[in-house]
Amino acid sequence: MKNTRDNKAMKWFTPDELTRSETAHRLGIDNRPDGVVMKNLQELVRHVLDPTREMWGRPIRVTSGYRCTALNAAVGGSRNSQHITGRAADITVGSKAANERLFEMIRRSALPYDQLINERDYSWIHVSYAPCGRRQVLAL
Ligand SMILES: [Zn+2]
């Protein structure tokens, strides 16, 4: 029998790694998520990050997840960034070559991502989730 709580649980990613930020720490910015952001982070993990991790079969590191508006401004993020609502994460698997393979795996999957962005020649991958995801693929 399925347990509703377990269905909502994050398997491979923790709230801590989706909210922690060296920049926030250094600048004294409080980057703790509120309930709405936490729910969005859980949806991002459940619909995109956990299934991606399952398919990839190896660890995936989150370099930036939720950013409050002050943190987003401090790191030069776009004003409309989905990081601000907890709907986006920047991820890496350690090298540009490996990031490119991960990017292609996500692009060809049936995952309901909203945006999948190759950032700076696969230095990292930006991926977001939103209900009715657009599955938009970009390179910046
Ligand atoms: Zn990003």
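By a nonpolar core I mean a set of buried Ala, Val, Leu, Ile, Met, Phe, Trp, Tyr and Cys residues joined through side-chain atoms within 4.5 Å. With that in hand, let me take you through this structure, which is a predicted model.

I start with the interior. The largest nonpolar core has 31 residues, and those with the most contacts inside it are Leu18, Leu49, Ile91 and Leu102. At least two residues of this core are supplied by each of helix H4 (35–56), strand E2 (88–92), helix H6 (96–108), strand E3 (113–119) and strand E4 (124–129), and the largest share, 8 residues, comes from H4. As background, nonpolar side chains tend to be buried together in soluble globular proteins. If we take Leu102 and leave aside its neighbours within four places in sequence, we find Leu102 in contact with Thr52, Trp56, Ile60, Ile91, Val93 and Ile125.

Next, the metal site. Which protein atoms are the donors of the zinc ion? They are NE2 of His83, OD of Asp90 and ND1 of His126, lying 2.0 to 2.1 Å from the ion, and along the chain these donors follow the spacing H-x6-D-x35-H. Since His83 lies in the loop between helix H5 (69–74) and E2, while His126 lies in strand E4, the pair ties together parts that are 43 residues apart in sequence. Are these two histidines buried or exposed? His83 has a relative accessibility of 2% and counts as buried, and His126, with a relative accessible area of 7%, is buried too.

Finally, the charged side chains. A search of the whole structure finds 10 salt bridges, and I will describe three of them.

In one of them, the side chains of Glu43 and Lys39 meet at 3.5 Å, N to O; the two residues are 4 apart in helix H4, so about one helical turn separates them. Glu43 counts as buried at 14% relative accessibility, whereas Lys39, at 45%, counts as partly exposed. Both residues also belong to a network of salt bridges that links Lys39, Glu43 and Arg87.

Another salt bridge joins the side chains of Lys96 and Asp121 at 3.8 Å, N to O, and this pair links distant parts of the chain, with Lys96 in helix H6 and Asp121 in the loop between E3 and E4, 25 residues apart. Lys96 is partly exposed at 43% relative accessible area, as is Asp121 at 49%.

The last one I will mention is between Arg32 and Asp30, at 2.8 Å, N to O, where Arg32 counts as exposed at 67% relative accessibility and Asp30 as partly exposed at 45%.

Conventions: Residues numbered from 1 in each chain as written. Predicted model: local features only at pLDDT ≥ 70, side-chain atom pairs only at ≥ 80, totals over all residues. Heavy atoms only, no water. Buried < 20%, exposed > 50% of the residue type's maximum accessible area, 1.4 Å probe, protein only. Contact = heavy atoms within 4.5 Å. Donors = N, O, S within 2.8 Å, 3.2 Å for Na, K, Ca; no water. Salt bridge = Lys/Arg side-chain N within 4 Å of Asp/Glu carboxyl O.
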